[in-house]
Amino acid sequence: MPKLDESLLVTLPPFSRLEKSQIREILDRATPRRHDQGTAVFGEGMPAERFFLLLDGYIRVVRTTPTGEQVIALHIPPGQLFGIAPAIGRDTYPATAICASE
């Protein structure tokens with residue numbers, strides 16, 4: 001997948017105060033991914049090794065209750081960080097992130 005352009009991030013709140021060179025440094029360490037609709041980006045209880053920034057599409061965050069029912073916890077629109085468990089000191093993801101669109 002080609003390198004992402006800095007212009008994709010300059011207006012997004014986590015990056016809007018950074019210089020383009022700082023954004024480039026972040027993007028050079030990033031791994032761009034594309035997921036098909038209905039696939040999980042990560043699952044509840046999986047090791048939390050990274051967090052994500054959604055550039056396009058939508059993510060549905062689902063939690064499983066003790067009785068096995070799935071509950072939609074939230075919907076994530078483009079431009080939002082998600083899966084931030086490692087940033088808040090969690091070792092595992094507390095929910096499953098499913099692509100609601102490609």
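## Fold

Along the sequence, this predicted model runs α-β-β-β-β-β-β. That makes one helix and six strands in the protein. Along the principal axes, the C-alpha atoms fill a box of roughly 50 × 30 × 25 Å.

Contacts reach far along the sequence. Among contacts with a separation of 6 or more, 62% join residues 24 or more positions apart.

## Burial and surface

The protein has 102 residues, and 27% of them count as buried. The exposed area is about 7,000 Å². Carbon and sulfur atoms supply 51% of that area.

Charges come as 11 positive and 12 negative. Their mean positions lie 2 Å apart.

## Nonpolar cores

In soluble globular proteins, nonpolar side chains tend to be buried together. Here the largest nonpolar core holds 14 residues. Val-41, Phe-42, Ile-59 and Phe-82 touch the most other members. Three strands each supply at least two residues of this core: β1 (40–42), β3 (59–64) and β6 (96–99). A second, separate core has five residues, including Leu-9, Leu-12, Phe-15 and Leu-27.

## Around Ile-59

Which residues does Ile-59 contact, leaving aside neighbours within four places in sequence? Earlier in the sequence, the partners are Val-41 and Leu-54. Later come Leu-74, His-75, Ile-76 and Phe-82. The list ends with Ala-97, Ile-98, Cys-99 and Ala-100. Two of these partners, Val-41 and Phe-82, are named with Ile-59 among the core residues that touch the most other members.

Terms used: Residues are numbered from 1 along each chain as its sequence is written. This is a predicted model: local features need pLDDT of at least 70, side-chain atom pairs count only at pLDDT 80 or more; totals for chains, interfaces and linings use all residues. Side-chain values use heavy atoms; hydrogens and water are left out. Helices (H or I, at least four residues) and strands (E, at least two) are DSSP runs, numbered from the N terminus. Buried means under 20% relative accessible area, exposed over 50%, partly exposed in between (1.4 Å probe, protein chains only). Contact means heavy atoms within 4.5 Å. Accessible areas come from the Shrake-Rupley method with a 1.4 Å probe; for residues, only the protein chains shown count as cover. Lys and Arg count as positive and Asp and Glu as negative; His and the chain ends are not counted. The place of a charge is taken as NZ of Lys, CZ of Arg, CG of Asp or CD of Glu. A nonpolar core is a set of buried Ala, Val, Leu, Ile, Met, Phe, Trp, Tyr and Cys residues joined through side-chain atoms within 4.5 Å.
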